[in-house]
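Student: I am new to this structure, and I would like a close look at a single part of it. Could you take me slowly through the sheet and whatever is tied to it?

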Amino acid sequence: MINKDIAKNTNIKSPEELITIYYNYPSSEGKPNLKIEKKEIEKNVFEITLIHDNQQDDSQKAEKIIMIAEKIGGIWSVKKIRRNWKCYDGRGHTDWGTEICN
């Protein structure tokens with residue numbers, strides 16, 4: 001789905017912009033506490049990590065997205081996406097995991 005959405009968008013200039021478009025945090029929720037890191041793992045292939053910490057949620061504390069994406073000729077292509085999260089104390093796992101917080 002993300003590749004279809006970005007296929008003709010040649011205005012995406014950076015890996016950070018790409019993952020922010022994917023995350024698409026609703027502006028009605030205020031400004032999120034995001035940390036974004038990137039590393040080039042091959043020529044024009046990036047591992048991009050977005051962490052949204054201290055979420056305004058009653059059970060989920062943080063979410064992490066790790067995206068592998070490639071840029072060829074000004075066009076981005078997402079190869080892989082992994083997501084996991086942390087829960088608040090008493091609401092599930094407090095380290096990164098894939099089980100839903102309760």
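Tutor: What follows is a walk through the sheet, strand by strand, and then through the disulfide that begins in one of its strands. Please keep in mind throughout that this is a predicted model.

The sheet is an open one of 4 strands, arranged in the order E1-E2-E3-E4, and the pairing is antiparallel. At its edges stand strand E1, residues 34-42, and strand E4, residues 75-87; each of these has a single partner strand, so one side of each is left without a neighbour in the sheet. From one strand to the next, the twist averages 15 degrees.

Beginning at the E1 edge, we find that E1 is joined to strand E2, residues 45-52, by 8 bridges, with the two strands running antiparallel. To place this pairing on the sequence, you can look for Lys39, whose bridge partner in E2 is Glu47. Strand E2 in turn pairs with E3 over 8 bridges, again in the antiparallel sense, and here His52 stands opposite Glu63 of E3.

Strand E3 itself, which covers residues 60-72, deserves a pause: 10 of its 13 residues are buried, and therefore the strand is largely enclosed by the rest of the structure. On the way to the other edge, 12 bridges join E3 to E4, and these strands also run antiparallel; within this pairing, Lys64 stands opposite Asn84 of E4. E3 and E4 form a hairpin with 2 residues between the strands, and in this hairpin Gly73 takes a positive phi near 60 degrees.

From E4 we can follow the chain to the disulfide, where Cys87 is joined to Cys101 with an S to S distance of 2.0 Å. This pair links distant parts of the chain, since Cys87 lies in strand E4 while Cys101 lies in the segment after E4, 14 residues apart. A disulfide is a covalent bond between the sulfur atoms of two cysteines. The angle about the S-S bond is -90 degrees, and the link of Cys87 and Cys101 is left-handed.

Which side of the burial cut-off do the two cysteines fall on? Residues under 20% relative accessible area are taken as buried. Cys87 has 2% relative accessibility and so counts as buried, and Cys101, at 11% relative accessibility, counts as buried too.

Methods
Residues are numbered from 1 along each chain as its sequence is written. This is a predicted model: local features need pLDDT of at least 70, side-chain atom pairs count only at pLDDT 80 or more; totals for chains, interfaces and linings use all residues. Side-chain values use heavy atoms; hydrogens and water are left out. Two strands pair if DSSP finds at least two bridges between them. Axes are lines fitted to C-alpha atoms, for helices over the stretch in contact, and angles run from 0 to 180 degrees between N-to-C directions. Buried means under 20% relative accessible area, exposed over 50%, partly exposed in between (1.4 Å probe, protein chains only). A disulfide is a pair of cysteine sulfur atoms within 2.5 Å.
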